[in-house]
Amino acid sequence: MIPAEFDYTAPESLEGAIAALAGGGDDAKLLAGGHSLLPLMKLRLAAPSLLVDLRKVPGIHGIQRENGTFRIGAMTPHAVLERSPELGVFARAAGSIADPQVRNRGTIGGSLAHGDPASDLPAVLLIAEGSVTVAGGSGTRTIAAGDLFKDYLLTAIEPAEVLTEVRIPALDGWGYGYQKFNRRSEDWAMVGVSALIKQTGDICEDVRVGLTNMGPTPLRAAGVEQALKGQPLNADSIAKAAEQAAEGTDPPADLNASSDYKRHLARVLCRRALAEAAGIT
Amino acid sequence: VHAVFTGQDLTDLTGPLPQAWVPPGITVNNPDHWPLAKDTVNHVGDPVAMVIGDDRYSVIDATEDVVVEYEPLPAVTDPEKALAGPPLVHESLGTNQSHEWSLGGGDLDKGFADAEVVVERRVVNHRTAGGAIEPRGVLADYRAGSLTIWSATQVPHFIRLFLAILLGMSEERVRAIAPEVGGAFGSKLQMYGEEVLCAWASRKLNRPIKWIETRSENMAVTHQGRDQIAYVKMGAKRDGKLTALHVKIIADLGAYNMLLTAAIPSLGAFVMSGVYKIPAIQTDIVGAFTNKCPTDAIRGAGRPEATHMIEVTLDQLAAELGMDPLDIRRKNFIPADEFPAELPIGVVYDSGDYDKSLNKLLEHVDVGAFRREQEELRAKGIYRGIGFSTYTEICGLAPTRVVGPEGFGNQAGFWESAMVRVHNTGAVTVYTGSSPHGQGHETAYAQIVADKLGVDPSVVEVIHGDTGTGPEGRNTYGSRSLAVGGESLAKCATKIADKAKAIVAHQLEASPEDIEVSGDKFAVRGSPDKGMTLAEVAGAAYLNHVPEGMEPGLEATTFWEPENFVFPFGAHACIVDLDADTGKVKILRYVAVDDCGNPINPLLIEGQVHGGVVHAIGQALYERVHYDEDGQLVTGTFVDYALPTAAELPSFETDRTVTPSPVNSMGAKGVGEAGTIAASAAVTNAVIDALRPLGVSYINMPLTPMRVWEAIEEAKGKAGVAA
């Protein structure tokens, strides 16, 4: 309910934020929307000594399209993504996050940097084959989505780095589907499946499938992608490919879902997401 | 930080926390329950230390430094295993059984001998939380030998009494105030340890002590509800006529008996007949201690469990007989011309017309069209189901002969008090001994009094929840506030009206019998312009312009107790779609027809029905308090304890029939619990109806997606074996 004591600063520049983070030592944490960090602090599961609030840092808000790529500032809230239909599956996934209050405060950068495999955006970043830009004391670097998520709540971002931007290729010509399963609309995904399909005629030219909450990190369903790529797109081929959705996954059981049930859900949701992406109802 | 106390410090309390209501005629094992554990902690959340400081921040930091060295003991969380024990929750008792109690009537052996069909089901009614949006909060201020305690409670009068006893204080020195309380649902009908501790520490430290519960504490320490396993055996003739019902309930009481813990399942026994004429009936209850938070009254308290047992098992019987679930209900309804209806167990239902409410329901739900649609949809792989619940409940908790010392062992009477004070200007202040916590009593009570006195409700102020202002009271629970407290007010306002009539008659030289309330005047019958407003009457009363021998002033007090409970009833229908691939249930329609006698305020009734139905839908589909085998609470937050939100719920369709109660002059019955009592069975029956073509004919709550999916898979497996 009440967090342990901590210091707080809200620098007005990116350099200031990086310096504050570096100066704050191992226990300093960045604060973006706070929707993951603050509950952990209130339950005293996290007790950072310093919070570096990014709210005053300029230049890390909003969406721009540049040379076929969307550049999304890390502090852009989910609600803005939700209202940007040009982002396709990203907009769709963002619109399914929790409730309007959370979407108004929670940010894309915060969600990706937290790396919760049950969150909606990480797996979507994987199938979009996007990247994140991080800035630290020694400059900036780009981390590809496939290299970002290392383990449960662990990313390739160094403790003294700030995620500043998310880059997503414009997925013109791709159909998408997003199927999130939860008990209540505001809950995290019990399992989620995101799909992108590029089709020529009725042939699946390319396909990407993302899995949410099927392991310690967001995953690509490689088996499904291999099974469907180059195949005709119809209900049967989709159903057959979707059978591979849980291949190689080992989702942990929780209060509401056993591992078996999660694997079953992955197959069902994969079939639905693919059908949606292919425009087959 | 000013002080840290543990159970060993509580040497000057006169005793442990009270158990106030127990089933009559039996001995109930009642282990000591201290506000702070003395040597053994019996459930997660059993408090061990109290830290007192200047602000919440420093106190919560300091609690991190309280190091408790626990010696782990074996735990038992399943009540059936507990009864087979060891391990024992309380070694000193030598058993995990709290008590056994039975209520029956009619010849059970004959009833089952007469039966041509018998169905038996194990009906699990899992544990739920109250989940009031405002957690508890206490502020105790002991000074100059007197204690004032503010608490988010339903029962300030009980708290004053018990605090006086436990602290060894004279009762007039204790004042308990329940300010506006943000919901309770029974969870604040309790004498909690935190209330005792704040008062005790305030006296000890000579300063006010405040405690505000966190949500995490609320989920672990505030009493919980339900948690019964029932073995239900129902017998009938081939034509569907019920011959006997035998229910064995194993009630999981948690670690201690609190204020009403042991009595809750017995409330279910009172309505185990439901709305049906069953010649022989028996309810056997065994209470079991487990290493869980105590259970006690949560909205409906025993009656939702009973209704669920009857209504779900009746559908099972209908399926067994190949009968329509509505036909079997109609066949067994207690006929409208038999009210007041005395049941074999001795309970007398005050009024009812069950065909009428079911007919009204069917005006909203075209079952024939639904069945055709259901058939068509099944062909397309869509599984739609409909479920019904025709229910009654017992409420308006009052008659001392039943709940007092000769009945349920509470050393008190169960009247309610009212005081009406008309001011010089004709404005009215009303004091009630009931203690609302969000239901809208101020509105309904003001209406009742305004109606009797010919004034606008806006000039009627309702004061409640303060033992220092009004008369002694018996507070709010068991849907008693209107049927007992409201009637007491009506009677009190009638006394004022009678006095006003005498004053008006005296002033206008008319006969009191000829004076009536007409618009905003007490007027002479037939001459509506010849009269006095309440303000003019009050003016006369306070100027002592009253008839010879009459006291001046315009104020009255009433204590009133009804002869019987009241029995609201109704018919509910639920329509669901089931996603057979995932097991997820979606409610498409929920239609509720309720009869709570004469309505006082339709909007308040509507609100109670909506909230009550949500409460039960929550239990049926979403909510569950769960402890693992080691006794760890795994649903300690609202992330895991899944209260449904507006997004999960349909727009409710409600309607009413009106069958007045003969028990009070208003003809009114309670409605605060009705929706909760009715709805879990309607939802469960609808889900089972949807599941039948998939080979699933029975399933227990909570109907979570995984459990529904597992039931479907299991049925597929069996079908595979059979093939």
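## Inside chain B and across to chain A

User: Happy to start with Thr684(B): which helix is Thr684(B) in?
Analyst: Gladly, and please keep in mind that this is a predicted model. Thr684(B) has its place in chain B, in the helix spanning residues 674-691, namely α17.

User: Is Thr684(B) buried or exposed?
Analyst: The cut-off for buried is under 20% relative accessible area. Thr684(B) has a relative accessibility of 0%, so it counts as buried.

User: Which backbone oxygen does the side chain of Thr684(B) reach?
Analyst: Let's look at the surroundings before the partner itself. Beyond its neighbours within four places in sequence, Thr684(B) is in contact with residues including His308(B), Ala620(B) and Met701(B). Its side chain also reaches, at 2.8 Å, the backbone oxygen of Ser680(B).

User: On to helix α10 of chain B: why are its buried residues on the same side?
Analyst: The residues in question are Tyr354(B), Ser357(B), Leu358(B) and Leu361(B), within the helix at residues 354-364. They lie on the same side of α10(B) because around the axis they cover an arc of only 100 degrees.

User: Which elements of chain B do the buried residues of α10(B) pack against?
Analyst: A word first on the start of the helix, where a side-chain oxygen of Asp353(B) comes to within 3.2 Å of the backbone nitrogen of Lys356(B). As for packing, the buried residues of α10(B) meet one helix and several strands of chain B: α9, β13, β14, β22 and β23.

User: How many residues does chain A bring to the contact with chain B?
Analyst: Good one to take from both sides. Together the two chains bury about 2300 Å², with 58% of that on carbon and sulfur atoms. Chain B contributes 32 residues, and the number from chain A is 24.

User: Which three residues supply 22% of the area that chain B buries against chain A?
Analyst: No other three residues of chain B supply more of that area. The trio is Asp581(B), Met706(B) and Trp709(B).

User: How many salt bridges are there between chain B and chain A?
Analyst: In general, side chains of opposite charge can pair when their charged atoms come close. One example here is Arg272(A) with Asp579(B), whose closest N and O atoms are 2.9 Å apart. The count between the two chains is five.

User: How many charged residues does the side of chain B that touches chain A have?
Analyst: Helices α1, α16 and α18 of chain B each supply at least two residues of that side. By class, the side has 15 nonpolar and seven polar residues, and the charged ones come to ten.

User: Which residue of chain A forms a salt bridge with Asp581(B)?
Analyst: The bridge runs between chains, from the loop between β22 and β23 of chain B to helix α11 of chain A. Asp581(B) counts as partly exposed, at 30% relative accessibility. Its partner, at 29%, also counts as partly exposed. With closest N and O atoms 3.1 Å apart, that partner is Arg271(A).

User: How many residues apart are Glu416(B) and Arg480(B)?
Analyst: Their side chains meet in a salt bridge at 2.8 Å, N to O, and both residues are buried. Glu416(B) belongs to strand β15, while Arg480(B) sits in the loop between β17 and α14. The pair thus links distant parts of chain B, and the separation is 64 residues.

Definitions and conventions
Residues are numbered from 1 along each chain as its sequence is written. Chains are lettered from A and ligands numbered from 1 in the order in which they are written. This is a predicted model: local features need pLDDT of at least 70, side-chain atom pairs count only at pLDDT 80 or more; totals for chains, interfaces and linings use all residues. Side-chain values use heavy atoms; hydrogens and water are left out. Contact means heavy atoms within 4.5 Å. Buried area is the accessible area (1.4 Å probe) that two parts lose on being put together, summed over both. A salt bridge is a side-chain nitrogen of Lys or Arg within 4 Å of a carboxyl oxygen of Asp or Glu. Helices (H or I, at least four residues) and strands (E, at least two) are DSSP runs, numbered from the N terminus. Ala, Val, Leu, Ile, Met, Phe, Trp, Tyr, Cys and Pro count as nonpolar, Asp, Glu, Lys and Arg as charged, and the others, Gly among them, as polar. Buried means under 20% relative accessible area, exposed over 50%, partly exposed in between (1.4 Å probe, protein chains only). The arc is that of the directions from the helix axis to the C-beta atoms. A polar contact is a pair of N or O atoms within 3.5 Å; within protein, one must be able to donate a hydrogen and the other to accept it, and residues adjacent in sequence count only if both atoms are side-chain atoms.
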